[in-house]
Amino acid sequence: MAHSVSNEQSEMSNTTPLLLRRNRWRFPSTIKLKTTLSSELSGAVGDLGTYIPIVLALSLVNNLDLTTTLTFTALYNIATGLLFGLPMPVQPMKSIAAVAISESPPLTIPQISAAGLSVAAVLLFLGFTGLMSFLYRYLPLPVVRGVQLSQGLSFAFSAIKYIRYEQDLAKSKSGPPRPWLGLDGLIVALAAVLFLVLTTGAGVDDHREGEAQAEQQQQQEVEDEDEDVVDRRNRVRRRLRVLSTVPAALIVFLFGLLLCFLRDPSIFNDLRFGPSRISVVRITWEDLKIGFVRAAIPQIPLSILNSVIAVCKLSGDLFPDREASAMRVSVSVGIMNFVGCWFGAMPCCHGAGGLAGQYRFGGRSGASVVFLGLAKLVLALVFGNSFGRILGQFPIGILGVLLLFAGIELAMASKDMNTKQESFVMFVCAAVSLTGSSAALGFFVGIVLYLLLKLRELQCGGFGLSKSKKRKSSVDEETSLIG
């Protein structure tokens, strides 16, 4: 599963600057990738369903500096897109964010930064020593799929809550049912769902190896058919081709931004131009202790499983010719946080849910996250912390819609289990992860279950002989005695 050094070098060479010719991103070497500018722009907003709520909650509860976080996550996005050549997301470390918001009193920025630095140190150690590549190579696939399934369903459940109920992001609690009417009502969210389904369908399988063979088979099938049937099929194909060019997620997100100003026109008066000052955070030993014990320890297994192993496996599923290296992803997360956390930026990672969301809405290259990074950088430099006023009025129902499609896309990655035994391990792992709200617990149970099933099939010495072999050996003994 892991790449060799030569493969990693060729992968790095494939991430050289992209050229936009005839509205298509051309990749060098052997990579043949069909994508458009509109699809990359649409894929850029595919993971904002998780990014915006967490950033907004941290800014409200923990006084997170938006200028700092937007600036550093923008730089992370740009560097990630250029280095990996994939729509590799940059997402908040969810466990750290949840602990920071829910603790009483809430964690301070130095404590949050200390937690991010602690996780970064662990991931850098695992990446540079090769232990992360070892884990990725030998972890059973059904267990990895169970983690992916649980994370995808968790996103989908949260998305449904965002759509159905009013949300108090500062307290991470759901309120009364959302009204049908209004600029953040159920009708708005359901209209967004219908629009995304009509334009993007159930998602596109972008593996194009058998495309030529499929076209030949279709041509052979229609040779003996009526001209009317052929004409109807061609019209359907043309319509689907046109719909696939619509940047659906980007349109939904821009519509949400428009609703922000319609919901509260006073935002115009509250906007202040220019970024706030970025400064180094002073972290004491007490901050380091609190951040490590309370926030980093729950985050470390989640980062290993979802931010590295699951995201690498998903990248291989979606882009077989560009599968991300576990070592590189682990080191990437570590370096990002070792740079940004010293300045109070939100701890970040690469998440499988974000990759699934950006792929779902059209992201096929690193261009999508580069565009997202440039947009964040402009917002940070132009609006600074006042951009929080806009985020505070963004319709949560629309964020829930984007998160729903991302979660379902991630969960569907687990559809490749070939045997009942593999499916059994995957579903038990996912169920325990969801029930216990811990990917680490589900992972541990999945590993134990997988080993037990393998032990059940193990043959040990004479005890492993089948009945037919035992019967044959006893007959041979009797024959020798008679002889």
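Across the whole of this predicted model, a search for aromatic pairs turns up 9 of them. One of these brings together Phe-72 and Phe-343, whose ring centres are 5.4 Å apart with planes at 25°; planes under 30 degrees apart count as stacked, so this pair is stacked. The two partners come from distant parts of the chain, 271 residues apart. Phe-72 belongs to helix H4 (residues 66-84), while Phe-343 sits in the loop between helix H15 (326-340) and strand E6 (348-349).

How do the two rings fare for accessibility, buried or partly exposed? Phe-72 has a relative accessible area of 10%, and because buried means under 20%, Phe-72 is buried. Phe-343, at 30% relative accessibility, counts as partly exposed. Tyr-76 joins both of them in one aromatic cluster.

Helix H4 also holds Thr-71. Thr-71 is buried too, with a relative accessible area of 13%. Leaving aside residues up to four places away in sequence, Thr-71 touches Ile-278, Leu-377 and Ala-380.

Rings in this model also meet charged side chains. Here are two such cases:

| Charged residue | Ring | Distance to ring centre |
|---|---|---|
| Arg-364 | Tyr-359 | 3.8 Å |
| Lys-376 | Tyr-51 | 3.8 Å |

For Arg-364, the charged end sits over the ring of Tyr-359, and Lys-376 lies over the face of Tyr-51.

Now to the pockets. The second largest pocket holds about 1,100 Å³ of space. Its lining counts 35 residues, and the closest to the pocket centre are Ile-54, Lys-94, Ala-98, Ser-154 and Ser-158. Several elements give two or more residues to this lining, among them helix H3 (48-61), helix H5 (94-102), strand E5 (173-177) and helix H14 (285-318). Which element gives the most to the lining of the second largest pocket? That is H8, with 8 residues.

Finally, a word on confidence. The protein chain has a mean pLDDT of 85, and 83% of its residues reach 70 or more. Among the elements, helix H6 (residues 109-129) has the highest mean pLDDT, 97, and strand E1 (residues 19-21) the lowest, 36. Residues 1-32 stay under 50 in pLDDT, and the model gives them 60 contacts beyond four places in sequence. Over residues 206-213 the pLDDT is also below 50, and this stretch has 9 contacts beyond near neighbours in sequence. Where pLDDT is low, predicted coordinates should not be read in detail.

Conventions: Residues are numbered from 1 along each chain as its sequence is written. This is a predicted model: local features need pLDDT of at least 70, side-chain atom pairs count only at pLDDT 80 or more; totals for chains, interfaces and linings use all residues. Side-chain values use heavy atoms; hydrogens and water are left out. Rings of Phe, Tyr and Trp (its six-membered ring) pair if their centres lie within 6.5 Å; planes under 30 degrees apart count as stacked, over 60 as edge-to-face and the rest as tilted. Helices (H or I, at least four residues) and strands (E, at least two) are DSSP runs, numbered from the N terminus. Buried means under 20% relative accessible area, exposed over 50%, partly exposed in between (1.4 Å probe, protein chains only). A charge sits over a ring if NZ of Lys or CZ of Arg is within 6 Å of the ring centre and within 35 degrees of the ring normal. pLDDT is the predictor's confidence in each residue, from 0 to 100. Contact means heavy atoms within 4.5 Å. On a 1 Å grid over the protein atoms alone, a cavity is a set of points where a 1.4 Å probe fits but cannot get out, and a pocket is an open set with protein on both sides within 12 Å along at least five of seven lines; lining residues have an atom within 4 Å of a point. Grid points are joined across faces, edges and corners, and a volume is the space filled by probe spheres set on the points.
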